[in-house]
Amino acid sequence: MAEKHTIDSRLGRFVETSVGGETVRAFVPPPLPPNPPIDILPLLPHLTSAERALGRLDGITTILPRQELFLYMYVRKEAVLSSQIEGTQSTLTDLLRFETDAKAGQPVDDVREVSNYVDAMMYGLERLDDLPLSLRLIREMHARLLESGRGGTKNPGEFRRSQNWIGGSRPGNALFVPPPVNEVDNCLEAFEVFMHEDRSQLPALIKAGLLHVQFETIHPFLDGNGRIGRLLVTLYLCVHGVLKRPLLYLSLYLKSNRSDYYRLLQEVREQGAWEAWLEFFLQGITETANQAFDASTRIVELFKEDRELITAQSDRAGSALRLHDLLQQHPFLTAGQLVEQTGLTMPTVNAALADLERLGIVEEVTGRKRGRVFGYRRYLVILNEGTDPLSA
């Protein structure tokens, strides 16, 4: 009987609240850390694998020819994936072309949501220089995330003052009803305290996993909770020195394993099953870090191969290499943008582009005679891995 009592102390409580004429049971999670404490021992192999994979990823960032270029692309890839989980249909290609002013593909609202996510992420990373990871920073990032487009009416930058729910068409048939409004402030206060405590002596990776679930469970905003909750993991790991550069993003793993993800979140709430969630989370960190390491090494190799190909086989190697350099930073560019950014003449740029097309390095993507857009083909293939929109 005592054993049951200790397990139950990990569980939250349900409170009745009235929403739109319906009385529903909303869930209030207990404060972190879980009680009884996390059983770390079975998790140690997963923790070690995750730390090793992150160390390897951090190691390659020190030898990358241009760290900021990889950060630029990974942030955009994460923005696309995280937004797809929330229902947008934009691809990485849509976002990159939107940023190049070569708009095509998905509705602008979809792409703008992804673009806002990039802005919120970069803002959060830069703001860490003068503000701790805190509820204030989370609210500021949320304001950027919902700045325009469909989220503009959902109280950007403000914690909710009305009841929300997850799944279902109304609170009465929802999969999960987060804490009622009068409990949200207390939940968030305890959440912030745990973010900064060190009495539990839990490893940063374990704490990041706990914080992610707690944030999702509190669901403190009317919209954008999932995106901010996923971003929180990377910010927390950067603050605590587990990552030197923010190159780790979990959305591809969560997108690929979304049924397990939602099930494990619910099992934490219903059964206090933190260890099963943490095992899944640490496996995700390992898999994601290894994928990022693999993609980074392939991209470095691709750039090297293409430089050598241009040097050996282009009739205009000097100007073609300058174009290649710019296409590494922006994989979609127009001839006009290349003229503007290189200072080369239009005939020189067009001749160099023809060379790069002949060598299979770039391809024209619009099929138009005017306003043509050129894409760095094999680079885009690597970047786009896993970013097809979710099927309904």
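Into which domains is the chain divided? Select residues 13-30 together with 37-294 and colour them as domain 1, then select 314-384 and colour them as domain 2. Keep in mind that this is a predicted model.

**The two domains**

With both domains coloured, place a marker at the centre of each, taken over C-alpha atoms; the markers for domain 1 and domain 2 lie 36 Å apart. Next, select the residues that touch across the boundary: domain 1 contributes 11 residues and domain 2 contributes 16.

**The interface**

Stay on this selection and show its surface. About 1,200 Å² is buried between domain 1 and domain 2, and carbon and sulfur atoms carry 57% of that area. A search for salt bridges between domain 1 and domain 2 gives a count of 0. The search for polar contacts across the interface of domain 1 and domain 2 likewise ends at 0 residue pairs, with both residues required to be at pLDDT 80 or more.

Now hide domain 2 and look at the side of domain 1 that touches it. Helix 3 (67-85) and helix 4 (92-99) are the elements that give two or more residues to this side. By residue class, this side of domain 1 has 6 nonpolar, 2 polar and 3 charged residues.

**Tyr379**

Bring domain 2 back and select Tyr379, which sits in helix 16 (residues 377-383). Is Tyr379 buried or exposed? Its relative accessible area is 1%, so Tyr379 is buried, the cut-off being under 20%.

Show what surrounds the side chain. Beyond the neighbours within four places in sequence, Tyr379 is in contact with Leu69, Met73, Ile299, Leu302, Phe303, Leu327, Gln328 and Pro331. Of the elements selected earlier, helix 3 spans 67-85, and the contacts of Tyr379 include Leu69 and Met73. For a long distance label, pick the C-alpha atoms of Tyr379 and Val213: they are 35 Å apart, with their positions 166 residues apart along the chain.

**Glu192**

The last stop is Glu192, in helix 7 (residues 181-196). How does Glu192 count by accessibility? Glu192 has 24% relative accessibility and therefore counts as partly exposed, the class between 20% and 50%.

Which residues does Glu192 contact once its neighbours within four places in sequence are left aside? Select Ser134 and Leu135, and both contacts of Glu192 are on screen. Label the C-alpha to C-alpha distance from Glu192 to Ser134: the two are 6.4 Å apart in space, although 58 residues apart in sequence.

How values were computed:
Residues numbered from 1 in each chain as written. Predicted model: local features only at pLDDT ≥ 70, side-chain atom pairs only at ≥ 80, totals over all residues. Heavy atoms only, no water. Domains from an automatic or database assignment. Contact = heavy atoms within 4.5 Å. Buried area = accessible area lost by both parts, 1.4 Å probe. Salt bridge = Lys/Arg side-chain N within 4 Å of Asp/Glu carboxyl O. Polar contact = N/O pair within 3.5 Å; in protein donor to acceptor, adjacent residues only side chain to side chain. Helix = DSSP H or I, 4+ residues; strand = E, 2+ residues; numbered from the N terminus. Nonpolar A, V, L, I, M, F, W, Y, C, P; charged D, E, K, R; others polar. Buried < 20%, exposed > 50% of the residue type's maximum accessible area, 1.4 Å probe, protein only.
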